[in-house]
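Let's take a walk through this structure together, one region at a time. Keep the 3D view open and turn it as you read.

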Amino acid sequence: MDRVLILGGGITGIQAALNLTQLGIETFLVERGIELGGNLRMLGSTFPEGRWAPDLIENKVKEIRLSKKVTILMETELLSLVGECHQFKASLKTPEKTDEIESGVIILATGFTPFNPTSMRHYGFGKHKDVITALELAGMIKDGKLRRNSDGKEPASITFIQCIGSRDLNTHTYCSSFCCMYAVHLANLIKENYPHCMVTILYMDIRTPFYSELSYEEARRRGIKFFRSKPATIRAGKGNEHLTVQYEDTLDGELQFLNTELVVLSIGATPPEGTKALASSLKIECEESGFFKCEKPPVFTKVKGIFLAGAASGPKDITTCLAEGSAAAAQTAILLKG
Amino acid sequence: MDLRPELMDYYGTENLLDCYQCGTCTGGCPVHRYLPEYNVRTIIKDILDGEIDLSDRALWYCTTCYVCYERCPQKVKPLYLVQAATNIAFKQGLAPESIREINRTLLKCGRNSEITSMAKKQRNSLGLPELKEDVSKDYKKIAELTGFSKGL
């Protein structure tokens, strides 16, 4: 059975589907949401080189739609799976009916869900309107409308707080790996478009490997301030004009009260809802983190014929997701044609 | 002084090595706000470095409000580390004189302050029963069994 079922229509699934069609392999691309593109749909300019996310998705999706080898199923979920490599039988629930389809290989490109910081009450998310997630900020910058939710004014100062929902035993213990890079990138974009805005980043460790180190360097040159600390609390100032971030600058041991007009929480990645249930129905395992367990990187699981790609096996940046989408497509081709 | 081997015998100190010095504890500490010489994070750092000064008065400033305990992202339980450090300091006779004084009084009469004639008069005028003079019997026993008296 030379057919491939891809679960997840984000950038990883799209990349895998695109490569498989280029190899002439019939593919079903299954997405449970209403649009292709996943988390990338919310972004504009992406790190490190500033690729425009909507273009990245559009170009690939256009190519897939032109191909006769790909069937895109929207608002569809996998109900169950039986069989083994070369002869899986998947039952899919589409909006209209339940479909049985046969496939030789399954690629899991289920991605991640952005962390919801409402549980972190001391940071006032959901309580103060001007405490927002980095995803909301990315959306504002994408639309060219950098505004405070409370009064609609352009903020004169912005403070990023790193490691929200990452490296924290109360939420998720792992490092989400991309937050430092997007925070530095967003801070640079703010400085480019709103040069008078004061930007501060409160970090525990700055992790900007490879070329993102250049963005970090650029950020420091632009006068973006970096203080090593995980803040204790965020309080609203008088008349809600500003927020006060209370933190200890751990490099000099001084307690600081930083007034800022907008607080941005650099949220990490969490496993999407239903990951555990999906793992048990596919007879593969999950990591302690809750993401699928990759037995042999980059793409192998315990079960022959089921591959992982992108953030399905843990938080990853776009470049790695694209690489793993292609890797999964290549391994699929090797398995089907070999 | 290197407390690390000894600390492991104390309650709630098992996550000491997980501390990544983020400063959440000190940032929210109500004592640090007014007495900057009390810094939970640097106390933990000194313990980790094996060079904590047990005669430092600031170790005793903690009010046990549990804010650091609640917020620590690594569940290091900073409060318990500080308490363990003060316990060890006390055992070694390094506690500040004021702390030792209170404990001497406790062993002497069973209260942390002696009953003054003024207090007796006030209780009398309010119609309260008289206080028993020496109730330290149990404390003395505990102090003997735990080696508490050595720290005085």
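Two strands are said to pair if DSSP finds at least two bridges between them. Please bear in mind throughout that this is a predicted model.

With that definition in hand, start at a hairpin in chain A. Which residue of β16(A) is the bridge partner of A:Ala236? The partner is A:Leu243. Strand β15 of chain A covers residues 233–236 and strand β16 of chain A covers residues 243–249; the two run antiparallel and are joined by four bridges. Between β15(A) and β16(A) there are six residues, and in this turn A:Gly239 has a positive phi of about 60°.

Now step back to see how chain A is divided. The domain assignment gives domain 1 of chain A two segments, 3–112 and 271–337, while domain 2 of chain A takes 115–268. Their C-alpha centres are 32 Å apart. Where the two domains of chain A touch, eleven residues of domain 1 are in contact with 18 residues of domain 2. On the domain 1 side of that contact, five residues are nonpolar, four are polar and two are charged.

Next, look for an open sheet in chain A. Its five strands come in the order β5-β2-β1-β9-β20, and the pairing is parallel. Which strands of chain A are at the edges? They are β5 (70–73) and β20 (306–308), each of which pairs on one side only. From one strand to the next, the twist averages 20°. As a general point, strands of a sheet pair through backbone hydrogen bonds, either parallel or antiparallel. For a closer look, pick strand β1 (residues 3–7) of chain A and strand β9 (residues 105–108) of chain A, which pair in the parallel sense over four bridges. One residue to find here is A:Ile6, whose bridge partner in β9(A) is A:Ile107. Helix α7 of chain A, residues 318–337, lies across β1, β9 and β20 of chain A. The angle at which α7(A) runs to β9(A) is about 170°.

Another helix worth a visit is α6 of chain A, residues 275–282. Its buried residues are A:Thr275, A:Leu278, A:Ala279 and A:Leu282. Why do these residues sit on the same side of α6(A)? They do so because they cover an arc of only 100° around the axis. Turn α6(A) around and you find A:Lys276, A:Ala277 and A:Ser280 exposed on the other side. The cover over the buried residues of α6(A) includes β6 (77–82) and β20 of chain A. Just after the helix α6(A) comes A:Lys283, with a positive phi of about 60°.

Follow the loop between α6 and β20 of chain A and you will meet A:Pro298. The peptide bond joining A:Pro297 and A:Pro298 is cis, with omega about 0°. A cis peptide bond also leads from A:Phe47 to A:Pro48, with omega near -10°. A:Pro48 has its place in the loop between β3 (45–46) and β4 (51–52) of chain A.

Two other loops of chain A hold residues with a positive phi. In the loop between β12 (157–164) and α4 (179–193) of chain A lies A:Arg167, which has a phi near 50° although this residue is not glycine. Is A:Arg167 buried or exposed? A:Arg167 counts as buried because it has 22 C-beta neighbours inside 10 Å, and the cut-off for buried is 20 or more. The loop between β13 (198–203) and α5 (212–221) of chain A holds A:Phe210, another residue other than glycine with a positive phi, here about 50°. A:Phe210 has 10 other C-beta atoms within 10 Å and is therefore exposed, the limit for exposed being 12 or fewer.

Finally, bring chain B into view. The contact between the chains takes 17 residues from chain A and 18 residues from chain B. On the chain A side, β16(A) from the hairpin gives the most, with three residues. By class, this side of chain A has six nonpolar, seven polar and four charged residues. Chain B itself is divided into domain 1 (4–91) and domain 2 (97–151), with C-alpha centres that lie 30 Å apart.

Key:
Residues are numbered from 1 along each chain as its sequence is written. Chains are lettered from A and ligands numbered from 1 in the order in which they are written. This is a predicted model: local features need pLDDT of at least 70, side-chain atom pairs count only at pLDDT 80 or more; totals for chains, interfaces and linings use all residues. Domain bounds come from an automatic or database domain assignment. Two residues are in contact if their C-beta atoms, placed from the backbone, lie within 7 Å. Ala, Val, Leu, Ile, Met, Phe, Trp, Tyr, Cys and Pro count as nonpolar, Asp, Glu, Lys and Arg as charged, and the others, Gly among them, as polar. Axes are lines fitted to C-alpha atoms, for helices over the stretch in contact, and angles run from 0 to 180 degrees between N-to-C directions. The arc is that of the directions from the helix axis to the C-beta atoms.
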